[in-house]
Amino acid sequence: MKPAAAAYALAPTRTGRVLRHAGVLYILALVALPLLAVLWFGVADGIDTLRHIAGSSTARAALWLTLWTSTLVGVLNVLFGTATAWVLVRYPIPGKSTVSALLDLPLAIPTLVAGVMLAILYGPTSVLGHEFVLLGMPIIFAQPGIVLALLFVTVPFVVRAVEPVLSEIDLGEEEAAKTLGASPLQIFRTVYLPAIAPAALSSGIRSLGRALGEFGSVVVVAGNIPMRTLTAPVFILGEIESGAPRMAAAMSVVLLAMALALHGLAHVIEGKLGALHD
Amino acid sequence: MTDLTLSSATALPTKAQAAQKLVRERLGQRALVAVVGLYLAVVLGAPLVAMVCELAQLGAGDALLSLLRPNALAALRMSLVLSALSVVINSVVGVVLALAIVRHRFALRGVVNALADLPLAVSPVMVGLAFLLLFGRDGWFGTALDRFDIKIVFGFGGLLLGTLFVALPYTVREVAYVLEELGTSEEEAAATLGASPTQIFWRVTLPNIRFALGYGVLMTLARSMGEFGAVLVLGGSIAGQTQTATTFIHDAIEERATNSAYGMAVVLALFSIGALLSLEWAKKRRKVTR
């Protein structure tokens, strides 16, 4: 990748190599070792691990709840994230920089605080929360609250990924398509969609992966009622607290496998995106 | 493409049709802006506004005064100490690892690169569990730690390990990205001019990555202050001892001490907004330097 001359002039010194070894040891001890422990405890019983999860109706329900809410959030992120990026890049709207800064807020704000905000807004004692309860559709301590919490923490993913791709597209292409008589829908499908689809898709998948593990905001908002609003990460906490580390490790392994598969998939799609750009 | 040319040749739009089309496009734009605005207002805006309103109702003074109690102060101090340590350690490790990943070629390079991203894919609760399985009573090193009377779980060490784990990727990623973009030409020039590797690092490499490093530091700070799942599991949230700002909020909610919960939540929110504003600034500067 790097020219040979560079490797020669900047060949790693002894200090450089020692520092590198220290860094590698650090990351192996801090990241790899703990994960090995989880894998060890999680799959020590082999296939029984999955049987543990499949055998417990609470675990099954928690996993299913996490899966469908995260998938829904991933899909919503792709749709609305792309639309948001479009509006931010293409339209001259007032207060654009404020909106842009606001979009980064979920990256900086503790997810627990995000949960507290939602609890204030829709809690049973708030005006809005009371209205929703009267409507027969409570938000807090119910599934809509989980979806809202996951949306809050994953809002920036797709917007931030699609924005740069959109702003790189040559407006001339759109003009050309327009003069050739293409309808706006045709222009979107032929000019924009091929360019932004990989970015939107991969970041949507990453937001799904992020949502699978979300804990802080959900634990406040969901109420954690087994079979109804107990998500997989909160289930893990419950198992740890009730002294069942094997069950917790088993569920962790399932979640980790899914998250890694999703991130791998996103990585592959991003690779395709790079290929398209070159 | 050919059928497009044909259709435009056979039916050139009249002036009225063109005007109508423009109106339709404008309407479409407005509708899209409205939809996006509504969406962002529901998902992001409303919760933020709700928090500000609630605070105004409670009285910001009361909420903040409730934070002057010893437990709250201890929790806040614990979070600050953990974040400061996390920033220092992750900055050093981040720069070393980024340099290793981008500039060095070694056997474990791919593994290290993947491991540096891994904390982003892991649920914080699972991080807590992982260290519990290593250092807890029945963990791999549990008995060894017991013998030497070292307390990691439910102690400061556990809190620090959890925080270091979740905040690891930010500096590495930012610095590695910029190093990759920069290339090696400036460093090579310095080397040809006779600069030692140490001089090259302090005079060329570090100034070039300073905004990326600053960005990484701010993200590390925000992430460390806000970490909840891992420190809840590892610290057990013992008031006055292993309670952090986030676990303090959690406990206050469970005890229905809304004043202290909201007060601390506001402190954390203000802190992250401060970090965010600096982040926006660093982002702009980072673009300028490139």
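# Exercises on a two-chain model

A:N224 is partly exposed, with a relative accessible area of 23%. The model is a predicted one.

**Backbone angles**

Task. State where A:N224 lies and describe the sign of its phi.

Solution. Begin with the place: A:N224 belongs to the loop between α12 (216-221) and α13 (232-241) of chain A. Next, take the angle. Phi of A:N224 is near 55 degrees, a positive value in a residue that is not glycine. Then set this against the general rule: most residues other than glycine have a negative phi.

Task. Do the same for B:F154, giving its phi and its loop, and decide whether it is buried, partly exposed or exposed.

Solution. B:F154 is not a glycine, yet its phi is positive, at about 65 degrees. The residue sits in the loop between α7 (142-147) and α8 (156-182) of chain B. For the last step, compare its relative accessible area of 40% with the limits: under 20% is buried and over 50% is exposed. B:F154 therefore counts as partly exposed.

**Salt bridges**

Task. Find the partner of A:E163 and say how the two residues are placed in their helix.

Solution. The structure holds nine salt bridges over all chains. In one of them A:E163 pairs with A:R160, and the closest N and O atoms are 2.6 Å apart. Both residues are in helix α9 (residues 156-168) of chain A; because they are three residues apart there, about one helical turn separates them. With a relative accessible area of 16%, A:E163 is buried. The general idea behind such pairs is that side chains of opposite charge can pair when their charged atoms come close.

Task. Compare the burial of A:E214 with that of its partner A:R210.

Solution. First confirm the pair: A:E214 forms a salt bridge with A:R210, with 2.7 Å between the closest N and O atoms. Now read the accessibilities. A:E214 has a relative accessible area of 4% and is buried, whereas A:R210, at 24%, is partly exposed.

Task. Explain which parts of chain B are tied together by B:E187 and B:R103.

Solution. The two residues form a salt bridge whose closest N and O atoms are 3.1 Å apart. B:E187 is in helix α9 (residues 185-192) of chain B and B:R103 is in helix α4 (residues 70-103) of chain B, so the pair links parts 84 residues apart in sequence. B:E187 and B:R103 are both buried. A further case is a network: A:R90, A:E174 and A:K178 are joined by salt bridges that share partners.

**Nonpolar cores**

Task. Describe the largest nonpolar core and list what B:I249 touches.

Solution. The largest nonpolar core has 156 residues, and those with the most contacts inside it are A:V31, A:V113, A:M251, B:I249 and B:M264. Helix α13 (residues 258-289) of chain B gives the largest share of this core, eleven residues. Leaving out residues up to four places away in sequence, B:I249 touches A:L112, A:V113 and A:V116 in chain A, and B:A261, B:M264, B:A265 and B:L268 in chain B. There is also a second, separate core of eleven residues; among them are B:V102, B:A176, B:L179 and B:A212.

**A buried serine**

Task. Describe the surroundings of A:S252.

Solution. A:S252 is part of helix α14 (residues 245-277) of chain A. Its relative accessible area is 0%, so the residue is buried. A polar atom of its side chain lies 2.8 Å from the backbone oxygen of A:A248. Beyond residues up to four places away in sequence, A:S252 touches A:V38, A:I236, B:M126 and B:L129.

**The interface**

Task. Characterise the contact between chain A and chain B by residues, area and polar pairs.

Solution. Count the residues: 84 come from chain A and 84 from chain B. The area buried between the chains is about 7400 Å², and carbon and sulfur atoms give 83% of it. Zero salt bridges are counted between chain A and chain B, while two residue pairs across the interface are in polar contact. On the side of chain A, helix α2 (residues 14-43) of chain A supplies the largest share, 20 residues. By class, that side has 66 nonpolar, twelve polar and six charged residues.

Key:
Residues numbered from 1 in each chain as written. Chains lettered and ligands numbered in written order. Predicted model: local features only at pLDDT ≥ 70, side-chain atom pairs only at ≥ 80, totals over all residues. Heavy atoms only, no water. Core = buried A, V, L, I, M, F, W, Y, C linked by side-chain atoms within 4.5 Å. Buried < 20%, exposed > 50% of the residue type's maximum accessible area, 1.4 Å probe, protein only. Helix = DSSP H or I, 4+ residues; strand = E, 2+ residues; numbered from the N terminus. Contact = heavy atoms within 4.5 Å. Salt bridge = Lys/Arg side-chain N within 4 Å of Asp/Glu carboxyl O. Polar contact = N/O pair within 3.5 Å; in protein donor to acceptor, adjacent residues only side chain to side chain. Buried area = accessible area lost by both parts, 1.4 Å probe. Nonpolar A, V, L, I, M, F, W, Y, C, P; charged D, E, K, R; others polar.
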